[in-house]
Amino acid sequence: MAKRDCYEVLSVTRSATEVEITKAYRKLAMQHHPDRNVGDAEAEVRFKEVTEAYEILRDPQKRAVYDRHGHAGLSGAAGGGAPSDLGDLIGDLFGSFFGGGGGGGRRQRGGPRAGRDIQAILDIDLVEAATGVKKTQAVPREEFCGTCNGTGAKPGTKPVTCKRCGGQGAVLLNQGFISVQQTCRACEGRGVVITDPCASCRGHGRVESRRTLEVEIPAGVDTGNRIRYAGEGDAGDPGAPRGDLEFVIRVREHKFFHRDGHNLVCQWPVSISQAALGGPIEITTLTGQKVVHDLPRGTQTHEVIRVFGHGMPNPRGGRKGDLLVQVVVETPTNLTPEQEELLRKLAETTKTSVAGPRKGFFGKLKDLLGGEGNPTPDEK
Ligand SMILES: [Zn+2]
Ligand SMILES: [Zn+2]
């Protein structure tokens with residue numbers, strides 16, 4: 001079944017403000033809430049539909065993608081817009097960041113509103129996390145609409161003083177003997193209303209744009225670390241400050257080195273003779289350094305040797321972590337005849353029973369044909 005238009009589901013216009021959308025959602029969610037409509041399958045479907053539409057329209061980034069590409073843009077079917085795999089994560093982060101409230105940035109009554117804070121994911125490699133790195137990163141953010149200079153009013157027109165509150169942004173409600181001050185619903189506290197909305201930004205005053213920043217990532221960062229740039233978030237109303245921009249670091253898994261706090265863990269192959277007799281082994285670290293370490297005599301497979309100071313750096317300074325090398329003793333294959341002979345002698349001295357010499361393909365063929373055939377080099 002094709003999904004219905006989000007604006008239609010919430011019965012709001014395409015230029016509806018966040019406040020209008022939240023209000024419409026609350027009303028409909030209350031009406032169709034499963035607790036109020038026990039056993040009513042249709043109400044449940046409606047409730048889900050309304051909630052889904054609200055999840056999209058309350059989030060400026062998702063709403064912008066939806067406005068451009070519809071549902072397909074958010075499910076990732078159509079290219080462009082926000083990458084869909086990050087969509088959910090960003091959604092989650094926004095949820096916790098803004099306390100899950102439906103509201104926009106910081107608000108003051110009767111004045112211009114500050115821009116929203118933005119969070120963006122920044123993926124780096126483990127090597128980059130170890131050395132520190134500069135990354136050029138483009139982030140979608142809202143800029144003043146060039147057509148209306150951020151006012152939201154069609155060029156040639158101006159926002160007019162709100163009639164309901166007289167430009168105060170708040171109204172006094174008389175409730176019996178008490179007067180209560182309330183944010184003006186007509187202008188959402190701005191004090192002005194737009195009668196002729198700008199066509200470029202639908203009266204929003206801002207349009208989606210991209211900001212490219214060079215992000216300096218210190219050595220030692222880990223997944224979940226944040227780097228904040230004050231005043232680099234979305235534009236606010238004219239005269240109000242921008243929001244902040246925060247990058248959340250995500251470090252990719254390395255195929256050989258695994259991170260454990262400040263330490264790095266890896267496996268390292270050694271030969272049977274190295275393991276038995278001990279001796280120096282050369283280990284390559286995450287950053288490509290060659291480190292020689294003495295392997296003790298009689299090292300068993302899975303034993304761990306600690307190479308001090310070759311783990312991850314500490315981003316706050318101080319001691320680096322260690323490299324924990326788990327030894328894996330490799331069983332030799334493709335032995336030369338001399339090597340095989342030596343191992344057979346070893347087996348004899350330790351009174352270990354071993355399989356007889358391996359027959360090559362021609363040897364097996366000869367067995368099959370009853371002893372006929374030419375002798376082969378690997379058989380004697
Ligand atoms: Zn505009
Ligand atoms: Zn007003």
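Two strands count as paired if DSSP finds at least two bridges between them. I start from that criterion, and I note that the model is predicted.

**Entry 1: sheet β1-β9-β8**

I looked up the open sheet of three strands and read its order as β1-β9-β8, with mixed pairing. The edge strands are β1 (118-124) and β8 (226-229), and each of them pairs on one side only. From one strand to the next I get an average twist of 25°. I then checked the contact between β8 and β9 (residues 245-251): the two strands pair in the antiparallel sense, over four bridges. Which residue of β9 stands opposite Arg226? I find Val248 there.

**Entry 2: sheet β10-β11-β15-β14**

The next item was an open sheet of four strands, ordered β10-β11-β15-β14 and again of mixed pairing. I find β10 (258-260) and β14 (304-307) at the edges; each has a single partner strand, so one side of each is left without a neighbour in the sheet. Here the twist averages 35° from one strand to the next. For β14 and β15 (residues 323-330) I list four bridges, and the two strands run antiparallel. Across this pairing, Ile305 stands opposite Val325 of β15.

**Entry 3: the β4-β5 hairpin**

I looked up how β4 and β5 are connected. They form a hairpin with two residues between them. In the turn, Gly176 has a positive phi of about 65°. The strands run antiparallel and are joined by six bridges. One residue I followed was Leu173, whose bridge partner in β5 is Val180.

Phe177 lies in the loop between β4 (170-175) and β5 (178-183). Is Phe177 buried or exposed? Its relative accessible area is 89%, so I enter Phe177 as exposed, the cut-off being over 50%. Phe177, Ile178 and Val180 make a nonpolar surface patch of about 390 Å². Val180 therefore appears twice in this entry, as bridge partner of Leu173 and as a member of the patch, where residues need over 30% relative accessible area.

**Entry 4: positive phi outside glycine**

I looked up two residues that have a positive phi without being glycine. Glu188 has a phi of about 55° and is found in the loop between β5 and β6 (192-193). Its relative accessibility is 16%, so Glu188 counts as buried, which means under 20%.

Arg202 also has a positive phi of about 55° and is not a glycine. I place Arg202 in the loop between β6 and β7 (206-217). At 36% relative accessibility, Arg202 counts as partly exposed.

**Entry 5: helix α8 and the residue after it**

Helix α8 (residues 337-349) has 13 residues. I checked its span: from the first C-alpha to the last, α8 reaches 19 Å, close to the 18 Å expected at 1.5 Å a residue. Lys351 follows α8 and has a positive phi, near 55°.

**Entry 6: Glu18**

Where does Glu18 lie? I find Glu18 in helix α2 (residues 18-32). The relative accessible area of Glu18 is 21%, so I enter this residue as partly exposed; the limit for buried is under 20%. I also looked up its separation from Tyr54. The two residues are 36 residues apart along the chain, and their C-alpha atoms are separated by 9.9 Å.

Note on methods: Residues are numbered from 1 along each chain as its sequence is written. Chains are lettered from A and ligands numbered from 1 in the order in which they are written. This is a predicted model: local features need pLDDT of at least 70, side-chain atom pairs count only at pLDDT 80 or more; totals for chains, interfaces and linings use all residues. Side-chain values use heavy atoms; hydrogens and water are left out. Patches are made of residues with over 30% relative accessible area and no salt bridge: like charges are joined within 9 Å, nonpolar side chains (Val, Leu, Ile, Met, Phe, Trp, Tyr) within 5 Å. Accessible areas come from the Shrake-Rupley method with a 1.4 Å probe; for residues, only the protein chains shown count as cover. A salt bridge is a side-chain nitrogen of Lys or Arg within 4 Å of a carboxyl oxygen of Asp or Glu. Buried means under 20% relative accessible area, exposed over 50%, partly exposed in between (1.4 Å probe, protein chains only). The expected span of a helix is 1.5 Å times one less than its number of residues. Axes are lines fitted to C-alpha atoms, for helices over the stretch in contact, and angles run from 0 to 180 degrees between N-to-C directions.
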